[in-house]
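This briefing concerns a ligand, the residues around it, and the pockets of the protein that holds it. Please keep the structure in view while reading the points that follow.

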Amino acid sequence: MKFFVDTGSIKDIESLMPLGIVDGVTTNPTLMAKEGGDPRKIIKQICQLVKGPVSAEVIATDAPGMIAEGRDWAAFDEHIVVKVPFTREGVKAVKTLADEGIKVNVTLCFSPTQALIAAKVGASYISPFIGRLDDIATDGMGLVQQIVDIYRNYDYATEVLVASVRGPMHVVEAARMGADICTCPASVIEACFKHPLTDIGLEKFLKDWAAAKK
Ligand code: G3P
């Protein structure tokens, strides 16, 4: 499973890149607004650091506007994946952009039918928002399983990009279900490293080694 970082923070990305586990980055307008600088400049920097897929979202809500923004983003950097919300207009834009060979990540997916339609129009990625479903007492990971099953049935090339991840158990479940990618806030990636028995074990090994040398 690929790990993407769900962030607009250069600091987060710089701290995670040396680990060798970051395959890409997803951003959204909210994450970019948190950073406070020029979002395009920041996204350019992210592309240069990651050299992998970096999702940048369109703001227009009509298909012609989304298509124009999508083309502009695609020309901006070779690593850009254009993020388009799942709406009727969004689907029209995805079809046009995908037919032109532009990679599209369909975002704000909350149902298996939305995922099926996104695959049919050639999306490169589908982003089910699992945390936001869990927040309203709906089974977010259940949606991921449905999408994985549907895509396997028809051999769709669209990659399942699990988004709105809240903790390491989402990562575990995504990997068990065979999702292609999990995009995580930096804090979730950090949490995936932690185990108290590792810390206790290492402390004892170091103490015993020091004692043996005396
Ligand atoms: O990037 C999209 C998604 O991961 C947002 O997550 O935490 O705002 O629901 P969240």
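**Ligand site and pockets**

The ligand occupies the largest pocket of the protein, and the model in which this is seen is a predicted one. The points below begin with the ligand and its polar partners, move outward to the lining of the pocket that holds the ligand, and end with the second largest pocket.

**Ligand environment**

- The shell around the ligand is formed by D6, N28, K83, F129, R132, A163, S164 and R166, and by class these residues comprise 4 charged, 2 polar and 2 nonpolar.
- In the side chain of D6, an N or O atom is found 2.5 Å from an oxygen atom of the ligand, while for the side chain of N28 the corresponding distance to a ligand oxygen is 3.2 Å.
- K83 likewise places a polar side-chain atom 3.2 Å from an oxygen atom of the ligand.
- Of the 310 Å² of accessible area that the ligand has on its own, 82% is covered by the protein.

**Largest pocket**

- The largest pocket, whose space is taken by the ligand, holds about 280 Å³.
- Its lining consists of 20 residues, and those lying nearest the centre of the pocket are D6, N28, L31, R132 and S164.
- Helix α2, which spans residues 29-35, contributes 3 residues to this lining, and this is the largest share.
- Sorted by class, the lining of the largest pocket has 8 polar, 6 nonpolar and 6 charged residues.

**Second largest pocket**

- The volume of the second largest pocket is about 160 Å³, and 13 residues line it, of which P29, P39, E57, I59 and W73 lie nearest its centre.
- At least two residues of the lining of the second largest pocket come from each of α2, α3 (39-50), β3 (54-57) and α4 (63-76).
- The lining of the second largest pocket divides into 7 nonpolar, 4 charged and 2 polar residues.

Definitions and conventions:
Residues are numbered from 1 along each chain as its sequence is written. This is a predicted model: local features need pLDDT of at least 70, side-chain atom pairs count only at pLDDT 80 or more; totals for chains, interfaces and linings use all residues. Side-chain values use heavy atoms; hydrogens and water are left out. A residue is near a molecule or strand if one of its heavy atoms lies within 4 Å of it. A polar contact is a pair of N or O atoms within 3.5 Å; within protein, one must be able to donate a hydrogen and the other to accept it, and residues adjacent in sequence count only if both atoms are side-chain atoms. Accessible areas come from the Shrake-Rupley method with a 1.4 Å probe; for residues, only the protein chains shown count as cover. On a 1 Å grid over the protein atoms alone, a cavity is a set of points where a 1.4 Å probe fits but cannot get out, and a pocket is an open set with protein on both sides within 12 Å along at least five of seven lines; lining residues have an atom within 4 Å of a point. A molecule sits in a cavity or pocket if more than half of its atoms lie within 2 Å of its grid points. Ala, Val, Leu, Ile, Met, Phe, Trp, Tyr, Cys and Pro count as nonpolar, Asp, Glu, Lys and Arg as charged, and the others, Gly among them, as polar. Grid points are joined across faces, edges and corners, and a volume is the space filled by probe spheres set on the points. Helices (H or I, at least four residues) and strands (E, at least two) are DSSP runs, numbered from the N terminus.
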